[in-house]
There are 2 protein chains.
Amino acid sequence: MNRVAVRPTGLRPSPAQALRRFGFLCLAIAFAPMTVFADEGMYLFNELPTKLLKERHDFDIDQEWADRLRLSSVRLNSGGSGSFISSNGLVLTNHHVAFDTLQKLSTPDRDLIQNGFLAKSFEEELRAPDLELNQLVSIEDVTERVNAAVPPGTSAEEAFPLRRAAMSTIEQESKDETGLRSDVVTLFGGAKYHLYRFRVFDDVRLVWAPETSAAFFGGDADNFEYPRYNIDAAIMRVYENGEPAVLENFLRWSDAPLAEGELVFVSGHPGRTQRIFTTDALTFLRDDRIPFLLNLLRRREVLMQQYSLKGTEAKRRARDDVFGIQNSRKAYTGMQAGLLDPRVMAEKRGRESRLLAAIQENDELRELASAWEEIAAVQKEKRVLLPQTASIRTSLAEIAHQIVLLGEENLKPNDQRFREYTDASRESLLRGLLSEAPIYADLEQFKLADELTRLAESRGADDPLVVELLVGKGPRQRAAEMVQATELFDKGFRQSLVDGGKTAVLASSDPLIRMARLLEPEYRRLRELNDRLEERERQAYAKITKATSAIEGTGGYPDATFTLRLAFGTVKSYQQDGETIPPATTFAGAFEHSDNYVGPEDFQLPSSWHLARSRVNLDTQINFVCTADIIGGNSGSPVVNRAGELVGLIFDGNIQSLTSDYLYTDTQARAVSVSAVGIKEALKNVYQAADLVKQIGR
Amino acid sequence: MNRVAVRPTGLRPSPAQALRRFGFLCLAIAFAPMTVFADEGMYLFNELPTKLLKERHDFDIDQEWADRLRLSSVRLNSGGSGSFISSNGLVLTNHHVAFDTLQKLSTPDRDLIQNGFLAKSFEEELRAPDLELNQLVSIEDVTERVNAAVPPGTSAEEAFPLRRAAMSTIEQESKDETGLRSDVVTLFGGAKYHLYRFRVFDDVRLVWAPETSAAFFGGDADNFEYPRYNIDAAIMRVYENGEPAVLENFLRWSDAPLAEGELVFVSGHPGRTQRIFTTDALTFLRDDRIPFLLNLLRRREVLMQQYSLKGTEAKRRARDDVFGIQNSRKAYTGMQAGLLDPRVMAEKRGRESRLLAAIQENDELRELASAWEEIAAVQKEKRVLLPQTASIRTSLAEIAHQIVLLGEENLKPNDQRFREYTDASRESLLRGLLSEAPIYADLEQFKLADELTRLAESRGADDPLVVELLVGKGPRQRAAEMVQATELFDKGFRQSLVDGGKTAVLASSDPLIRMARLLEPEYRRLRELNDRLEERERQAYAKITKATSAIEGTGGYPDATFTLRLAFGTVKSYQQDGETIPPATTFAGAFEHSDNYVGPEDFQLPSSWHLARSRVNLDTQINFVCTADIIGGNSGSPVVNRAGELVGLIFDGNIQSLTSDYLYTDTQARAVSVSAVGIKEALKNVYQAADLVKQIGR
């Protein structure tokens, strides 16, 4: 299931880095000869694969079609994608993308995750406490301006602040000029920089969500598997000035079932891929980074399970965490399995060798070969940096961390701040910082005790920072004290610290603020080391991109960056264990899957479905697969047909798509979608939401 | 819950090392002044604390009383303790100690773990496939003979094989002479060596076990907590020549409830403690070893949960693994929490400083101070060795490993073999190797894939050994191939390899045998490094024991070694969060606990209990606590009163006993037992086993 992962390292990642997902089992990977695969690619909307689509699928992409699709697509700050589906502000996304909001809107008496939700009127729609939707309104190439700020031959140490300053200045100017959210996006690992301008929607309300047992039918066991039978969908609505937003661009729905071979397009926000990675970078991922992250994820999984054992209410509170952690753990496990298949690395190594050989033949390109050595050298330093941490990850500890950093960063000129603390990023930052989403004291304490333990493990319990944090107590006792004494639960208190800036932070005796201050210098030290390594990688990958384009030609696509991309493919069955897996499933299959399985509760459809069994048209398509090139962050992406009509909603990749972080194949790898006709059928005949159905697509 | 842990490191541990358990939460540790605490101590049966018992409890321990208790006590090779409770061979132990056997005797149609078991006649009693019970019949001090084999000044490298040879020779001579199982036990970290002779019972049959929901009521959540309400008991019977064994020594049962302050004794097999550890050794445990083991345990916990999701039958197959892993994980978590409390380390450091200061004052002892430096130096090497592994841990992979080692070790003179491959150990080794316990192909494959992945993570996927093992496939595909092709499921095949020795092993093309052969040299290299470090520790701890005895006096007890010990204490309430926790619970409490809890299924008593609710005397004691000094391995130990009558059955320690691996306290720390009267009440009125009750104690 495509989804935001827990933030894995000691350093806070950018939104794009935060995204992660992958398939599970490595059964057998079938290789095609090494060229760009048939439907590979996550293309930029300003560099569309016009020629490729014409040649391969006889499709003429026209600008109006593409603009409408782009303007109907949205990015959610909770880490997924979505689309506008009506003129009166309706937004379609995955249930699992909405999960974070469902959790925040739930209470012991109103468990939206367990029971689902349907607003019968505008008044009943529930406002999400901190959701932000971004609609991409323009793209501008600013590569020259960003690179002009960094004279050739500048060291990584000097280059990083110069480049960061240039990007922040461009963003600020754009924001001042247009009033739009403006982000400079690093593409092709640092070869290109584009300025993206977004219209921001920050009043987002929940309209409909099914029960989790229907949305996530099959649970952790079926996650990343196929065939599937999941209504992994939710509908929200954007508001402006307290009224449903009036939208010019939205997707109409197709009412036709999909057929084998049909061409479809995916417009969404793939989070991060590593297709450009050298084999040294992949080796670091395989042998160091993924094992490290899996240890961390398993630690959190077991911790949250322990917390959940306290009872039904605890289980409810932990549910979003548990789901997110399990999803990431399964994703990384699959990604690791792929990298551990010697054939995958051989494939990558083979391509790299051919490329390097070609570069050696070419007088102009020869000097670019050093970039591979530079990447190798950076991996060695990353290996040392990987386990080092000065971060404590709980809701309140992260709020405290951000408040402390904000106080300090605010005193600097805008272009010298960390990128997430610039004036242009301020609005989004404060949305999280001042959210009214519930924070549970017992859960905070439980997590904080483990985070203090983790810090002690990672730095050694005799480390001066650890000793100072624990003030002579054990982690559990210290966590209990801190959570009892902190005032950060109170949004007004947070606001006062934000308003009071560094002076207020320094004056505060709040234990979590004090903890964040203690950790701050070490956090900055580690972050600077990390930023410098990333800058070195950017410079090296810019060279690698140059070499690759020169040898293999241009017209490609950059690695995913959690920005809008167009992918395409066909609805397509595949072979597995000697069987043909049909491209689509139906409601009949869902009921059968539920009937046949003897096991955990995850395989029980909700009572609403059993009650509706006779009403539902059992032949209606519910899920389907296609060959489009997707990845984590694509969750909730609309799938459209040649006519630009919505036919589906991306929600997962199958197990064979496990390599797609670093290697696309279309032999068995498939993107998995909810069928648009399936969503309508469920809305009409299971959830009896006739009024909502009437609004859709018009 | 006291229990065998998964074997944690790359090296195969001795039985004693395999034992592990600990309490969970570190709430607040109350310290008494540093002397030996009131009821501290796990005493040797040949060095009983006669004076202490007289002074403290006015109890005259007489030899006959002690002999009867010793000869009524048994050790189970599955990792716990037990006692003889009738003249016709009945053995009482914990349900969780019998769990391994229950799992092995269960099938999809006869789920003893879920449903419990009661034999209505001798004929119905079920023979355990590979259980061995040891009754300690004599103890002899062989310190001088063992030390005589190692001339003073011998390096650790040379000393280790010399000492090992001496021990193996003593054992072999004893076995030849007496026919009894003979083990030389290392005590006080290497200061003393005692020869233990055991009568072995290898025909052990299951008589009664309750449902797991009664035995492990409260599940993982209540584990290591108190108050408790668990019938964590099972009854087996030893047979000789196909008939119930006729026993001279067995425990009579007390029918009286226990009262606050009553003196009780525990006779059992504590697995391993680290009370002698220097602070450097504890620091290694805290900062390196425990975090490493917890990562491993969480990995296995999540893996087994994933497997369990496949369905009800998979869940049944994985249950023993899941239980054991969760128990160990919770134990280590508690142990870690204690070590991370700066006051615990300060306590240990304080005592150590006083000791070292006293040594410096004493001309004869001064040179012994170097032992502390030696321990510190060894820890540094252990840190490097810790993550290195050449072991694959699945049932079949371990069988293959043992067969390969056996073939090789058999060619050596008996006294030069690894200790577990000597002639004296042969019988026990083969019992496991040729067991008929079921091994499930799908579970084997699932585990093997993860073990190959773990090996690749730990050594790097480009490590030649890993590359050779994977033969160009991913871990999952390779695991599938190997499990499909191996013949090791077949006991006859195993027998033929054992009989054929090294020649048969070398000729075998079985993929798991080949894997074990590939891993063998690296396994030997790592084991030798480890053995050498342990020898250096033994020599250093022998010096530390000498110094400690000289300064603090003798009459103490050695760290636990999974051999028989006598502990004592009083039935005693304690204070927690301002409340007095009463020393005993009743059946009424069990029903209340079940009624009040809203949460997971672990808190539902079985239907047999609900049906019996009106029959049971609700005031009967079910569990109680006492101050006796126990640890993992003590599970199933009989608790007796001054008259030597059985009053209880150890099954757990409370959360505050978490420090007892390295620091005993009796302020809040308590051993938790099932009441003998509670077991009888359940047998009579829940399980309607009147016939069985009649046999008990006579």
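User: Let's start with A:Phe224. Is that one buried or exposed?
Analyst: Buried, because A:Phe224 has 27 C-beta neighbours inside 10 Å, and 20 or more is what it takes to count that way. Keep in mind that this is a predicted model.

User: Okay. And where does A:Phe224 sit?
Analyst: You'll find A:Phe224 in the loop between helix 9 and strand 13 of chain A.

User: What's phi like for A:Phe224?
Analyst: Phi is near 65° there, so a positive value, and A:Phe224 is a residue other than glycine.

User: Which residue in chain B has a positive phi too, without being a glycine?
Analyst: B:Val471 is one, with phi near 35°. B:Val471 belongs to the loop between helix 17 (464–470) and helix 18 (475–485) of chain B.

User: Buried or exposed, that B:Val471?
Analyst: Exposed, because B:Val471 has 12 C-beta neighbours inside 10 Å, and the exposed class covers 12 or fewer.

User: Back to the loop after helix 9 in chain A. Which peptide bond is cis there?
Analyst: The bond from A:Tyr226 to A:Pro227, where omega is near 5°. A:Pro227 is in the loop between helix 9 (219–222) and strand 13 (234–240) of chain A.

User: And what joins B:Tyr226 and B:Pro227 over in chain B?
Analyst: A cis peptide bond, with omega about 0°. B:Pro227 is in the loop between helix 9 (219–222) and strand 13 (234–240) of chain B.

User: How many residues of each chain are in contact with the other chain?
Analyst: On the chain A side there are 38 residues, and they are in contact with 39 residues of chain B.

User: Which helix of chain A gives the most to that side?
Analyst: Helix 10 of chain A, with 8 residues. Several helices of chain A supply at least two residues each, among them helix 9, helix 11 (312–339) and helix 16 (441–459).

User: What kinds of residues are on the chain A side of that contact?
Analyst: By class, there are 17 nonpolar, 10 polar and 11 charged residues on the side of chain A that touches chain B.

User: Now helices inside chain B. How do helix 10 and helix 11 cross?
Analyst: The axes of helix 10 (residues 279–308) and helix 11 (residues 312–339) of chain B come within 9 Å and cross at roughly 155°. That makes the two helices of chain B roughly antiparallel, since anything over 145 degrees goes by that name. The crossing of helix 10 with helix 11 of chain B is left-handed.

User: And what residue classes make up the contact of helix 10 with helix 11 there?
Analyst: In chain B, helix 10 and helix 11 meet through 15 nonpolar, 6 polar and 7 charged residues.

User: How about helix 16 and helix 18 of chain B, at what angle do they cross?
Analyst: Roughly 135°, with the axes of helix 16 (residues 441–459) and helix 18 of chain B coming within 8 Å. Those two helices of chain B are therefore oblique to each other. Helix 16 of chain B passes helix 18 of chain B in a right-handed crossing.

User: Which residues make that contact?
Analyst: From helix 16 of chain B, they include B:Ala441, B:Leu448 and B:Leu452, and from helix 18 of chain B they include B:Pro475, B:Ala479 and B:Met482. By class, the contact of helix 16 with helix 18 of chain B has 10 nonpolar, 2 polar and 3 charged residues.

User: Switching to sheets. What's the strand order in the open sheet of 8 strands in chain B?
Analyst: The order is 3-16-15-21-22-23-20-19, and the pairing is antiparallel. The edges are strand 3 (43–44) and strand 19 (584–586) of chain B, each of which pairs on one side only.

User: Which helix packs on that sheet by strand 19?
Analyst: Helix 21 (residues 587–596) of chain B does, touching strand 19 and strand 20 of chain B. Helix 21 of chain B makes about 70° with the direction of strand 19 of chain B.

User: What about strand 9 in chain A, how many bridges join strand 9 to strand 11?
Analyst: 8 bridges, with strand 9 and strand 11 (residues 192–201) of chain A running antiparallel. In that pairing, A:Ser138 is opposite A:Arg197 of strand 11 of chain A. Strand 9 (residues 133–141) also pairs with strand 4 (residues 73–76) of chain A in the antiparallel sense, over 2 bridges.

Technical notes: Residues are numbered from 1 along each chain as its sequence is written. Chains are lettered from A and ligands numbered from 1 in the order in which they are written. This is a predicted model: local features need pLDDT of at least 70, side-chain atom pairs count only at pLDDT 80 or more; totals for chains, interfaces and linings use all residues. Two strands pair if DSSP finds at least two bridges between them. Helices (H or I, at least four residues) and strands (E, at least two) are DSSP runs, numbered from the N terminus. Two residues are in contact if their C-beta atoms, placed from the backbone, lie within 7 Å. Axes are lines fitted to C-alpha atoms, for helices over the stretch in contact, and angles run from 0 to 180 degrees between N-to-C directions. Angles under 35 degrees count as roughly parallel, over 145 as roughly antiparallel, 65 to 115 as roughly perpendicular and the rest as oblique. A crossing is left-handed if the near helix is turned anticlockwise from the far one by less than a right angle, and right-handed if clockwise. Ala, Val, Leu, Ile, Met, Phe, Trp, Tyr, Cys and Pro count as nonpolar, Asp, Glu, Lys and Arg as charged, and the others, Gly among them, as polar.
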